[in-house]
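Me: Please choose one part of this model and look at it closely, then carry the description outward to its surroundings. I would like a careful, connected account with the distances kept in view.

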There are 2 protein chains.
Amino acid sequence: MPKIKFDTIYKDLKNKIEAGEYPFNSIFPTEHELAAIYSCMRSTIRRALAELIQCGYIQVRQGQRTRVIYEPVARNTFLIGGIESFTEAATRNKFKHCTRVVRFDKIIADTEIAEKTDFPIGTKLYDVRRVRYLNGKPLILDKNLFLISAVGDLNEEIAKRSIYEYLENELKMKIVTSKRRMTVELATTEDKAWLELDDYNCLAVLSGRVFNSDGIQFEYTESRHCPDYFCFEDTATRNKKRFL
Amino acid sequence: MPKIKFDTIYKDLKNKIEAGEYPFNSIFPTEHELAAIYSCMRSTIRRALAELIQCGYIQVRQGQRTRVIYEPVARNTFLIGGIESFTEAATRNKFKHCTRVVRFDKIIADTEIAEKTDFPIGTKLYDVRRVRYLNGKPLILDKNLFLISAVGDLNEEIAKRSIYEYLENELKMKIVTSKRRMTVELATTEDKAWLELDDYNCLAVLSGRVFNSDGIQFEYTESRHCPDYFCFEDTATRNKKRFL
DNA sequence: GCCGATTTGTCCGTATGTATC
DNA sequence: CGATACATACGGACAAATCGG
């Protein structure tokens, strides 16, 4: 693993912020000061700051000093952000988790599936459905369709652990981009069968199409979440006129 | 308005991609080629490409050629969040829209509000609630709390038009960062009173805390959306970059 | 499988512009 | 108004990953 300077600096600053060394709303060192501290160019510092901006830790404005806007959150919610698998998110949130594979089949994409997933009609796919348990409660119904020609041999054992780990480590496949869409849908009988929805008659549905480095869509994923634990967070830093 | 080179290049490339000059899954020019085309440094091109990556238009990987992954949105869904505002989304879909102010008050933050909004207890706030109509249907209940000490004089007339326009143009306030969170909640009696929820007993709730350049949170916003029209889109990449 | 060419990734060093205090 | 701090751009060097022969 090569040492990437800006990444090292970014992680160091991030840790310092999380440790409270630079508290919420305090003033951050200037780019020049940081360049001196880390003995590097200002451009390298800026690259590191860009990461801190992106993850919503600092706020930067021309002519002004940089401000820390990170606040620690006590979260019992399940946060989804970036490209993160269930296992990664669960581990980050320090939850006990397990997975039950409730379906593992090979199918051929028909008209309905093609419409929904963007896979062409006739495509050979793995159809994997898994129920995700957090602290013993069934919270998520994950429905995945994998392009067989891209992912090769999968089996139920892999599905039970982590398919992404397998794809990245074993197949050396690089997951690059993922287009996701969040909607709220009425619960189906399948949802009700597997999940504990309590009073809710809806679910948060996070569907996504994942592309590898060849630009090929190799997965369609649909995560159907119990509303009570679902939470999606996001920090927008642009001064675009999103509101009006 | 000064001409920002990288931004001009970014917009030009974006337009070309949207116009189909570089179709989905096609190969993009190399950085050197683009530098030659636009007569600028490679670093400037990279800055423009960073924007295209961030908005999910291209996919870049070391050693490989850059790929176009932009696809036009053909669907008639009503997209919220990502980049578009209510008004922009309504305009794109050629829908008729209007806004009705259903509440305009001054309040003092109590324990419950403080907990939810992060404003300290005792803070003086404007409480504005608006119902957004699309094609005559009430789809969104917008609840906003504004810090009176930061936004000064508001009135119902401004709320009916655009509060943000007022803040930015009249007060010269710069909106810098916004932390948003998406959840699914059970419908309250207030929701049922204003919105047509049909069979759903839940809503998609987009809540956010907006900070100005002083690092002061001056707004808490909560958009409660009818599920049937709600759709949130997002493109995630493994390494987002803002500037290089 | 090796090797060289290509392409993107990182970083240095400098200069100038622009917003804010 | 000057000083400060962030923003953009130029120009170059080398590293790392990939691809084609």
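Reply: **A close look at one residue**

A:Asp142 counts as buried, because its relative accessibility is 6%, below the 20% under which a residue is called buried. The model is a predicted one, and the values that follow are computed from it. A:Asp142 sits in β6 of chain A, a strand that covers residues 137-147. Its side chain is joined to the side chain of A:Ser223 by a polar contact of 2.3 Å. If residues up to four places away in sequence are set aside, A:Asp142 touches A:Val128, A:Arg129, A:Arg130, A:Arg132, A:Glu222 and A:Ser223. One of these, A:Arg129, is separated from A:Asp142 by 13 residues in sequence, while the two C-alpha atoms are 5.5 Å apart in space.

The chain around this residue has 9 helices and 10 strands, and of its 244 residues 52% are buried. When the contacts in chain A between residues at least 6 apart in sequence are considered, 58% of them join residues at least 24 apart.

**A buried arginine in chain B**

A charged residue in chain B can be described in a similar way. B:Arg209 belongs to β8 of chain B, the strand of residues 202-212, and with a relative accessible area of 15% it is buried. A polar contact of 3.0 Å links its side chain to that of B:Asp118. Leaving out residues up to four places away in sequence, the residues that B:Arg209 touches include B:Thr117, B:Asp118, B:Thr177, B:Ser178 and B:Lys179, and also A:Glu71 from chain A. The remaining part of that list consists of B:Gln217, B:Glu219 and B:Tyr220.

**A helix of chain B**

α1(B) is made of 14 residues and spans 20 Å from its first C-alpha to its last, close to the 20 Å expected at 1.5 Å a residue. Its buried residues are B:Phe6, B:Ile9, B:Tyr10, B:Leu13, B:Lys14 and B:Ile17. Viewed down the axis of α1(B), these buried residues fall within an arc of 130°, and they therefore line one face of the helix. An α-helix has 3.6 residues a turn, so residues three or four places apart point the same way. The cover over the buried residues of α1(B) includes α2, α3, β1 (58-59) and β2 (67-68) of chain B. Just after α1(B), B:Gly20 adopts a positive phi of about 90°.

**DNA strand C**

The surroundings of DNA strand C comprise 25 residues, of which A:Lys5, A:Thr44, A:Arg61, B:Arg42 and B:Arg46 come nearest. The surface near this strand divides into 6 nonpolar, 11 polar and 8 charged residues. At least two of its residues come from each of α1 (5-18) and α3 (42-54) of chain A and α2 (31-38) and α3 (42-54) of chain B, and α3(A) supplies the largest share, with 3 residues. Sugar or phosphate accounts for 71% of the atoms of DNA strand C within 4 Å of the protein, and bases account for the rest. On the phosphate side, a backbone N or O atom of A:Lys5 is 2.3 Å from a phosphate oxygen of DNA strand C. On the base side, an N or O atom in the side chain of B:Arg42 is 2.6 Å from a base nitrogen of the strand, and a backbone N or O atom of B:Gly63 is 3.5 Å from a base oxygen.

**DNA strand D**

Around DNA strand D there are 24 residues, and A:Arg46, B:Lys5, B:Thr44, B:Arg61 and B:Gln62 come nearest. Here 73% of the strand's atoms within 4 Å of the protein belong to sugar or phosphate, the rest to bases. A polar side-chain atom of A:Arg46 is 2.5 Å from a phosphate oxygen of DNA strand D, and a polar side-chain atom of A:Thr66 is 3.3 Å from a phosphate oxygen of the strand. From chain B, a backbone N or O atom of B:Lys5 is 2.3 Å from a phosphate oxygen of DNA strand D. The elements that give two or more residues to the surface near this strand are α3 of chain A together with α1 (5-18) and α3 of chain B. α3(B) gives the most, with 4 residues, and the residues of this surface divide into 5 nonpolar, 10 polar and 9 charged.

Notes:
Residues are numbered from 1 along each chain as its sequence is written. Chains are lettered from A and ligands numbered from 1 in the order in which they are written. This is a predicted model: local features need pLDDT of at least 70, side-chain atom pairs count only at pLDDT 80 or more; totals for chains, interfaces and linings use all residues. Side-chain values use heavy atoms; hydrogens and water are left out. A residue is near a molecule or strand if one of its heavy atoms lies within 4 Å of it. A polar contact is a pair of N or O atoms within 3.5 Å; within protein, one must be able to donate a hydrogen and the other to accept it, and residues adjacent in sequence count only if both atoms are side-chain atoms. Ala, Val, Leu, Ile, Met, Phe, Trp, Tyr, Cys and Pro count as nonpolar, Asp, Glu, Lys and Arg as charged, and the others, Gly among them, as polar. The expected span of a helix is 1.5 Å times one less than its number of residues. Buried means under 20% relative accessible area, exposed over 50%, partly exposed in between (1.4 Å probe, protein chains only). The arc is that of the directions from the helix axis to the C-beta atoms. Contact means heavy atoms within 4.5 Å.
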